[in-house]
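This report looks at a strand arrangement and at a group of charged side chains, taking each in turn.

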Amino acid sequence: QVQLVESGGGLVQAGGSLRLSCSVSGSIFSINAMGWCRQAPGNQRELVAVMTSEGSTNYADSVKGRFTISSDNAKNTVYLQMNSLKPEDTAVYYCNASVRTPERLTTDYWGPGTQITVYS
């Protein structure tokens with residue numbers, strides 16, 4: 001079993017900052033990548049940022065220059081620092097991890113999601 005626990009969501013004024021955290025625990029052999037997606041009402045879930053175990057990162061164009069993904073591999077934790085937040089960043093943010101289990105199976109796992117609301 002693998003669990004993802006997110007924290008750091010909330011309500012923030014436009015221009016403000018928030019930092020999300022996601023810790024991965026359970027039956028883990030290795031983690032291939034961790035990242036964040038978001039889903040606003042009426043929209044499809046979209047990639048926000050992802051980081052591989054080698055440290056490569058990828059960002060949605062809409063957040064480049066404002067959001068930064070980082071990780072603490074020793075703690076199996078990924079962070080998303082969000083600056084210069086805009087009302088259009090309002091969404092439920094989901095943590096995602098591509099995990100290789102001790103049985104050498106690779107599976108994607110999702111956190112329950114955390115709401116971020118940016119008001120103007």
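Buried is used here for residues under 20% relative accessible area and exposed for those over 50%, with partly exposed for values in between. The model under discussion is predicted.

**Charged side chains**

Where does E46 fall on this scale, buried, exposed or partly exposed? With a relative accessible area of 35%, E46 is partly exposed, because that value lies between the two cut-offs. R38 has a relative accessible area of 5% and is therefore classed as buried. These two residues form a salt bridge with each other, in which the closest N and O atoms are 2.7 Å apart.

R38 also forms a salt bridge with D89, where the closest N and O atoms are 2.9 Å apart. This second pair links distant parts of the chain, since R38 belongs to strand β4 (residues 30-39) whereas D89 sits in the loop between β8 (77-82) and β9 (91-100), and the two residues are 51 residues apart. Both D89 and R38 are buried.

D89 in turn meets the side chain of R66 in a salt bridge with an N to O distance of 2.8 Å. Because R66 lies in the loop between β6 (57-59) and β7, and D89 in the loop between β8 and β9, the pair ties together parts that are 23 residues apart in sequence. R66 and D89 are both buried.

The three pairs are set out below.

| Salt bridge | N to O distance |
|---|---|
| R38 and E46 | 2.7 Å |
| R38 and D89 | 2.9 Å |
| R66 and D89 | 2.8 Å |

Through these contacts R38, E46, R66 and D89 are linked in a network of salt bridges. The count for the model comes to four salt bridges. In general, side chains of opposite charge can pair when their charged atoms come close.

**The open sheet**

Turning to the backbone, four strands form an open sheet in the order β1-β3-β8-β7, with antiparallel pairing. The edge strands are β1 (2-7) and β7 (67-72), each of which pairs on one side only. From one strand to the next, the twist averages 15°.

Within this sheet, β1 pairs with strand β3 (residues 18-26) in the antiparallel sense, over six bridges. Which residue of β3 is the bridge partner of E6? The partner of E6 in β3 is C22. As a general point, the strands of a sheet pair through backbone hydrogen bonds, in either a parallel or an antiparallel manner.

Technical notes:
Residues are numbered from 1 along each chain as its sequence is written. This is a predicted model: local features need pLDDT of at least 70, side-chain atom pairs count only at pLDDT 80 or more; totals for chains, interfaces and linings use all residues. Side-chain values use heavy atoms; hydrogens and water are left out. Two strands pair if DSSP finds at least two bridges between them. Axes are lines fitted to C-alpha atoms, for helices over the stretch in contact, and angles run from 0 to 180 degrees between N-to-C directions. Buried means under 20% relative accessible area, exposed over 50%, partly exposed in between (1.4 Å probe, protein chains only).
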